[in-house]
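Colleague: I've just opened a new model and I don't know where to look. Can you walk me through it, one question at a time?

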Amino acid sequence: MVLGGHGDDMVPVPRYCSVGGVPLDKLIAPERLNAIIERTRKGGGEIVALLKTGSAFYAPATSAIAMAESYLKDQKRVLPAAALLEGEYNTTGYYMGVPVTIGAKGVEKIHQLDFNATEQASWDKSFASVKKTVDECKTMM
């Protein structure tokens, strides 16, 4: 699971991830887990390099289908999504990638994860990057 912005500033939170209920750090050596995290951060660029053009729609399309299905069928699935934060994660007025519950009312709940110091520092860096991009876009307008 990754939170925050997109790309190199993603916030990995492997301690919240498990396979069959077993925490990742019990299944994967730290070096291997770090390699997986790094590849995840750079995965979009890797896919674009392999497919050259037209590759940027695969993951967003799959995510959009899962979100639409959860909304239309009121499944109340917990999914990662860019949600408007109003105090969650100590962030207000910006859209950031976070785990949300999606049901018939749309985003019905934003799930607040407790960060350790490393995760908080990564979140702060990711938010600064998103804020910089938003501010630059506002300047252009």
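**Pockets, core and a few residues**

Colleague: Which elements each supply at least two residues of the lining of the second largest pocket?

Modeller: Two helices do that, α1 (24-27) and α2. A pocket here is an open set of points on a 1 Å grid over the protein atoms alone, where a 1.4 Å probe fits and protein lies on both sides within 12 Å along at least five of seven lines; lining residues have an atom within 4 Å of a point. The list for this one is Pro14, Arg15, Leu24, Asp25, Ile28, Pro30, Leu33, Asn34 and Ile37. The largest share, 4 residues, comes from α2, and the elements you asked for are α1 and α2.

Colleague: Before we go on, what pLDDT do local features need in this model?

Modeller: Residues are numbered from 1 along each chain as its sequence is written, and side-chain values use heavy atoms, with hydrogens and water left out. This is a predicted model, so to speak with limits: side-chain atom pairs count only at pLDDT 80 or more, totals for chains, interfaces and linings use all residues, and local features need pLDDT of at least 70.

Colleague: What pattern does the protein chain follow along the sequence?

Modeller: There are 4 helices and 7 strands to place. Both are DSSP runs numbered from the N terminus (helices are H or I, at least four residues; strands are E, at least two). Read in order, they give β-β-β-β-α-α-α-β-β-β-α.

Colleague: Back to pockets: which element gives the largest share of the lining of the largest pocket?

Modeller: This pocket has a volume of about 770 Å³, counted as the space filled by probe spheres set on grid points joined across faces, edges and corners. It has 27 lining residues, and the closest to its centre are His6, Met10, Ala59, Pro60 and Ser63. Two or more residues each come from β1 (2-4), α2 (30-51), α3, β5 (77-86) and β6 (92-103). With 7 residues, the largest share comes from α2.

Colleague: How many residues in the lining of the largest pocket are charged?

Modeller: Asp, Glu, Lys and Arg count as charged; Ala, Val, Leu, Ile, Met, Phe, Trp, Tyr, Cys and Pro as nonpolar; and the others, Gly among them, as polar. The lining splits into 15 nonpolar and 11 polar residues, and the number of charged ones is 1.

Colleague: Is His6 buried or exposed?

Modeller: His6 is in the loop between β1 and β2 (10-12). Buried means under 20% relative accessible area and exposed over 50%, with partly exposed in between (1.4 Å probe, protein chains only). Because its relative accessibility is 73%, His6 counts as exposed.

Colleague: Which backbone oxygen does the side chain of Arg41 reach?

Modeller: Arg41 is in helix α2. Leaving out residues up to four places away in sequence, Arg41 is in contact (heavy atoms within 4.5 Å) with Gly7, Asp8, Met10 and Pro12. At 3.2 Å, the oxygen its side chain reaches belongs to Met10.

Colleague: And Ser70, which backbone nitrogen lies 3.1 Å from a polar atom of its side chain?

Modeller: Ser70 is in helix α3 (residues 58-72), and it counts as buried because its relative accessible area is 0%. Setting aside neighbours within four places in sequence, Ser70 is in contact with Gln75, Lys76, Arg77, Leu79, Ile102, Gly103 and Ala104. The nitrogen at 3.1 Å is that of Arg77.

Colleague: What is the phi of Lys76?

Modeller: Most residues other than glycine have a negative phi. Lys76 is in the loop between α3 and β5, and it is partly exposed because its relative accessibility is 42%. Though not a glycine, Lys76 has a positive phi of about 55 degrees.

Colleague: Which elements give two or more residues to the largest nonpolar core?

Modeller: A nonpolar core is a set of buried Ala, Val, Leu, Ile, Met, Phe, Trp, Tyr and Cys residues joined through side-chain atoms within 4.5 Å. This one has 18 residues, of which Leu3, Tyr89, Val98 and Trp123 touch the most other members. The elements are β5, β6 and α4 (117-140).

Colleague: Is Tyr89 buried or exposed?

Modeller: Tyr89 lies in the loop between β5 and β6 and has a positive phi of about 55 degrees, although it is not a glycine. Trp123 is in contact with Tyr89, and also with others including Leu3, Val98 and Phe115. Because its relative accessibility is 3%, Tyr89 counts as buried.

Notes
A polar contact is a pair of N or O atoms within 3.5 Å; within protein, one must be able to donate a hydrogen and the other to accept it, and residues adjacent in sequence count only if both atoms are side-chain atoms.
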